[in-house]
Amino acid sequence: MKIILASNNKNKIREVKEILDDINVDILSMKEAGIDIDIEENGSTFEENALIKAREVMKLTKCITMADDSGLEIDYLHKEPGVYSARFMGHDTPYDIKNKALIDRLQGVEGKDRSARFVAAIAVVFPNGKEIVTRGTMEGTIAYKPCGTNGFGYDPILFLPEYNKCSAELSSDEKNKISHRGKALRAMKSRLLMIEEK
Ligand code: IMP
């Protein structure tokens with residue numbers, strides 16, 4: 001099975017290839033598929049955005065296409081920044097500023113009320129119209145101050161009580177085992193395997 005990944009992000013491509021390594025699929029990036037488009041992510045959920053991207057690229061390539069969307073949900077902030085995670089305070093604003101702004105908005109909020117999670121949705125769209133969507137989460141709370149230098153984005157402010165560490169204090173191997181994207185991808189892998197077996 002050949003699958004186009006609707007992304008040119010090298011880290012995402014590597015992670016998808018690693019997780020789907022033991023099943024019979026060839027993953028091609030958009031670049032490898034000769035596609036160069038910017039897709040507007042105007043859905044209101046991670047699932048909708050992943051589907052929008054996968055459908056658009058499938059229409060152009062007529063091949064099975066996979067896309068993802070992810071972000072940080074903070075319960076106290078009504079699940080902000082959510083689908084706007086990358087765009088929150090502007091694409092080019094450094095994450096240390098975005099992270100500090102979110103911590104500041106939780107001033108006076110304690111314990112479990114600081115609950116938050118990373119969410120990832122993965123969509124696979126087939127030329128025959130079949131669509132599969134899976135979701136994975138990584139649950140935590142918003143830290144009182146940023147911790148750790150690994151990872152990217154909001155990793156320094158998602159505290160993981162189970163590990164007594166922020167996500168940015170995990171090695172990439174540790175994080176991949178428990179990450180939202182890893183969980184959503186492994187769920188997708190099971191669904192693809194069921195199709196292959198039919
Ligand atoms: P996407 O590439 O459109 O899915 O945007 C995801 C955005 O959500 C990123 O730019 C980050 O701001 C945030 N995000 C998603 N996953 C993670 C993660 O594992 N660590 C830190 N931030 C993340």
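A pocket is an open set of grid points, over the protein atoms alone, where a 1.4 Å probe fits and where protein lies on both sides within 12 Å along at least five of seven lines. In this predicted model, the largest pocket is the space taken by the ligand.

Start with the whole protein chain. Colour it by secondary structure to find five helices and eight strands. From start to end of the sequence, their order is β-α-β-α-β-β-α-β-β-β-β-α-α. The radius of gyration is 17 Å, close to the 16 Å that the globule rule gives for 198 residues, so the protein chain is as compact as a globular protein of that length. Along the principal axes, the C-alpha atoms fill a box of roughly 50 × 30 × 25 Å.

Next, select the ligand and the residues within 4 Å of it. This shell has 16 residues, of which K12, S70, Y95, D155 and K175 come nearest. Colour the shell by class: five residues are nonpolar, five polar and six charged.

Now show β3 (64-74) and α5 (180-197), each of which supplies at least two residues of the shell. β3 gives the most, with three residues.

Then look at single contacts with the ligand. Select K12: one of its polar side-chain atoms is 2.9 Å from a ligand oxygen atom. Move to Y154, where a backbone N or O atom lies 3.2 Å from a nitrogen atom of the ligand. At H180, an N or O atom in the side chain is 3.0 Å from a ligand nitrogen atom. Finally, show the ligand surface: on its own the ligand has 490 Å² of accessible area, and the protein covers 88% of that.

Key: Residues are numbered from 1 along each chain as its sequence is written. This is a predicted model: local features need pLDDT of at least 70, side-chain atom pairs count only at pLDDT 80 or more; totals for chains, interfaces and linings use all residues. Side-chain values use heavy atoms; hydrogens and water are left out. A polar contact is a pair of N or O atoms within 3.5 Å; within protein, one must be able to donate a hydrogen and the other to accept it, and residues adjacent in sequence count only if both atoms are side-chain atoms. Accessible areas come from the Shrake-Rupley method with a 1.4 Å probe; for residues, only the protein chains shown count as cover. On a 1 Å grid over the protein atoms alone, a cavity is a set of points where a 1.4 Å probe fits but cannot get out, and a pocket is an open set with protein on both sides within 12 Å along at least five of seven lines; lining residues have an atom within 4 Å of a point. A molecule sits in a cavity or pocket if more than half of its atoms lie within 2 Å of its grid points. Helices (H or I, at least four residues) and strands (E, at least two) are DSSP runs, numbered from the N terminus. Ala, Val, Leu, Ile, Met, Phe, Trp, Tyr, Cys and Pro count as nonpolar, Asp, Glu, Lys and Arg as charged, and the others, Gly among them, as polar. The radius of gyration is taken over C-alpha atoms; the globule rule is 2.2 Å times the number of residues to the power 0.38.
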